[in-house]
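Subject: Structure for you, with notes

Hello,

Here is the structure I promised to pass on. My notes follow below it.

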Amino acid sequence: MRKRKLGEILRERGQISPADLAKAIEEQQGKVIHLGELLLQRRLVNKSDLIAALTEITRVPYVDCSKVRVESEALHLIPQPVAQRCCALPLACEGTRLVVALAEPQNLHTIDELRFTADADISPRLGFRGEIQTAILKWYSGGASGDLVEERAAPAEEEPTAEMEFVSSGVRQSNIEAIEEMQAELLQKRTPAVRLVCELITTANAKRASDIHIEPQATDTAVRIRVDGMLRDLQRVQRSLQNSLVSRIKILADMDIAERRAPQDGRFLVKMGERKIDLRVSTLPTQYGEKVVMRLLESESPLLSLAELGLSQEVEDALRRTLAQPQGLLLVTGPTGSGKSTTLYASLNLLRKSAVNIVTVEDPVEYVLQGVNQVQVNSKTGLTFANGLRSILRQDPNVIMVGEIRDKETAEIAMKASQTGHLVLSTLHTNDSIAAFTRLLDLGVPAYLIAASLSGIMAQRLVRKLCACHDQIPVTPEYVSQLLEVGVIEPVRTQLVPVGCAECDYTGYRGRVGIYELLVFDEAIRGALRTAGRTDEIRNLAHGNGMRFMQEYALEYLQRGLTTLDELLRVVPMENVASTPCPRCSRELAPTFLFCPYCGVGRTQIGRSQHGAPSGGVPQGVVPA
């Protein structure tokens, strides 16, 4: 059956002339106004006649919002920005249903959004837009009874979050309007969700957090932040605020707030004074609701130089020589959160010149580099790392940066590009530099192509630095035992332990420092790769050529008092060290051993023997075999 239109019903009933109807329809063109509202404004129909016709069309009863009484419990279920955007006035709670007056009661998207926000079924009522908007301002401002006055916060000038500005990166018009409304609401500080989102971002930024985790649980919602690579509890949020909090974030990130059963990704920008913070948002449906993770990126933050990364002089010199080559592939490896992207950006910062064409393909673009052409992966349009890399090769590049090598296709294209006059930089997820060979072989890349393409592999970790509040105590037997296990034999009388203060948020650690190892290729290593040599063989070749492993640098940091042994054991894989035979007794020794624990012969850390044991022969506390 054909759906009848409003003008048709009014004309058939003789409540409007065909000429007046045609004139009103013509006037409506290009305006954001319903025909019924326009007819009422022009006094072309009576209000009672219009209500009767609209009720027939929508089959929804009419409510006069200028006279209705609103329950405060209903108002708490729908935040004011959502009510204004949807032109919806919550009226009352009837069991598990929420009665709402709507200007468009047949708009299913609006109904779904309200149902999601209120976590209740919606019973719609028909209302005129002007009446609803006036009633929203009246009742959310306290109404006749002042029910919502307790939800108002302190004046905006008393809170630092008033200086926060939200900027959308999406295109969904309804969400852009919601962001504008939220910005206005932020200055008024009327709803808990608005205040909570701003407080979380402000607090996380002040504590130098990289991520914010919002985790729904059975009785409440836990909020945690990741600082210096470790998660910390921040606060607990009432269970009743979970849905409105998540909805607020999803609106900002241009996500579909009606979709709660599938993971989503989005982003938005926050301006805090002169600073701009890019927030990457990810949602995941869990047993108790949607879990949200927001990653904070300061995309315009000053870039670090190689010296500021904390590289040792020998690693920095070797890295500069590798980057100075006209072609080749440099891989930076390590787990997630080990600072690989920062190292790549520091390398690009060194290479960028007006005479050099640098193109990157990233997922996502984390930092903005002036003078560098940066491309962001977009799986929806088919722009993958491999496709983007093919297109980049047609852009006459000198230097190419690939955010990550994830598959065989990307690896082979990058390696072939490194053999045809391009310097290629990329990352790989492996435990150390030597393990990158195994990873590439597992991807299906031929050994001869790996040997011919790679010019260097850097592996790295980030360890937390001790705060100035640390303490020094006598060593314990357990601590000495741990030192012996990792190859430290020199007598140690004291150890550093974290204490905790306000500066480090009572964790004992503040900031992080990088630990690096750089494997530079030579003909011996390339030959071992071509013959599919074992990783331990390649490791011993590299160590014999003077390469120092990250485990050695880690123990140096321990000796200098920068960090603790527990922190090193948490981050650095101490079992992946190369072994070389003792020049006297031929026992296998880790490179971190300064003296052989069996016969007492000393050696330098690069594996060459140093005849003549220390005074007393065998180091103190070591029993020879």
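Start with the seven-stranded open sheet. Its order is E13-E12-E14-E15-E11-E16-E19, and the pairing is mixed. E13 and strand E19 (509-520) sit at the edges. Each has a single partner strand, so one side of each has no neighbour in the sheet. From one strand to the next, the twist averages 15°. Please keep in mind that this is a predicted model.

At one end of that order, E12 and E13 run parallel and are joined by four bridges. Val359 stands opposite Asn373 in E13.

Strand E11 (328-333) deserves a look of its own. Thr333 is found in this strand. Is Thr333 buried or exposed? Its relative accessible area is 0%, so Thr333 is buried. What does Thr333 touch, leaving out residues up to four places away in sequence? The list runs to Lys340, Leu428, Thr430, Asp432, Ser433, Ala436, Ile457, Met458, Ala459 and Gln460.

After E11 comes a loop that leads to H13, and Gly337 lies in it. Gly337 touches Leu462 and Arg512, again not counting residues up to four places away in sequence. Gly337 can also be set against Ser210. The two are 127 residues apart in sequence, yet 9.6 Å apart in space, C-alpha to C-alpha.

Now the other sheet. Three strands form an open sheet in the order E1-E2-E3, and here too the pairing is mixed. Strand E1 (88-94) and strand E3 (121-126) are the edge strands, and each pairs on one side only. The twist averages 30° from one strand to the next. Strand E2 (residues 97-102) pairs with E3 in the parallel sense, over six bridges. Val99 stands opposite Ser123 in E3. Helix H8 (residues 129-140) lies across E1 and E2 and runs at about 65° to E1.

Next, the aromatics. How many aromatic pairs does the structure hold? It holds three. I describe two of them here.

Tyr62 and Phe128 have ring centres 5.5 Å apart. Their planes stand at 55°, which is not over 60, so the pair counts as tilted rather than edge-to-face. This pair links distant parts of the chain. Tyr62 is in the loop between helix H4 (47-58) and helix H5 (72-77). Phe128 is in the loop between E3 and H8, 66 residues apart from Tyr62. The partners fall in separate burial classes. Tyr62 has 22% relative accessibility, so it counts as partly exposed. Phe128 has 9%, so it counts as buried.

Tyr345 and Tyr367 also form an aromatic pair, and this one is edge-to-face. The distance is 5.2 Å centre to centre, with 85° between the planes. Tyr345 is in helix H13 (residues 340-351). Tyr367 is in the loop between strand E12 (358-362) and strand E13 (373-376). The two tyrosines are 22 residues apart, and the pair links distant parts of the chain. Tyr345 is buried because its relative accessibility is 2%. Tyr367 has a relative accessible area of 17%. That is under the 20% cut-off, so Tyr367 is buried as well.

Two arginines sit over rings. Arg464 lies over the face of Tyr509, at 4.0 Å from the ring centre. Arg548 lies over the face of Tyr553, at 4.6 Å from the ring centre.

Last, the chain as a whole:

- The protein chain has 22 helices and 23 strands.
- Of its 625 residues, 49% are buried.
- Its accessible surface comes to about 29200 Å², and 49% of that belongs to carbon and sulfur atoms.
- Take the contacts between residues at least 6 apart in sequence: 61% of them join residues at least 24 apart.

If you open the model with one question in mind, try this one. Which strands stand at the edges of the seven-stranded sheet? They are E13 and E19. From E13, step back along the chain to the loop between E12 and E13, where Tyr367 lies. Then go to its ring partner Tyr345, in helix H13. The loop between E11 and H13 holds Gly337, and E11 itself holds Thr333.

Best wishes

Technical notes. Residues numbered from 1 in each chain as written. Predicted model: local features only at pLDDT ≥ 70, side-chain atom pairs only at ≥ 80, totals over all residues. Heavy atoms only, no water. Buried < 20%, exposed > 50% of the residue type's maximum accessible area, 1.4 Å probe, protein only. Contact = heavy atoms within 4.5 Å. Areas by Shrake-Rupley, 256 points an atom, 1.4 Å probe, with all protein chains shown as cover. Pairing = 2+ DSSP bridges. Axes fitted to C-alpha atoms, helices over the stretch in contact; angles between N-to-C directions. Phe/Tyr/Trp six-rings, centres within 6.5 Å; stacked < 30°, edge-to-face > 60°. Lys NZ or Arg CZ within 6 Å of the ring centre and 35° of its normal.
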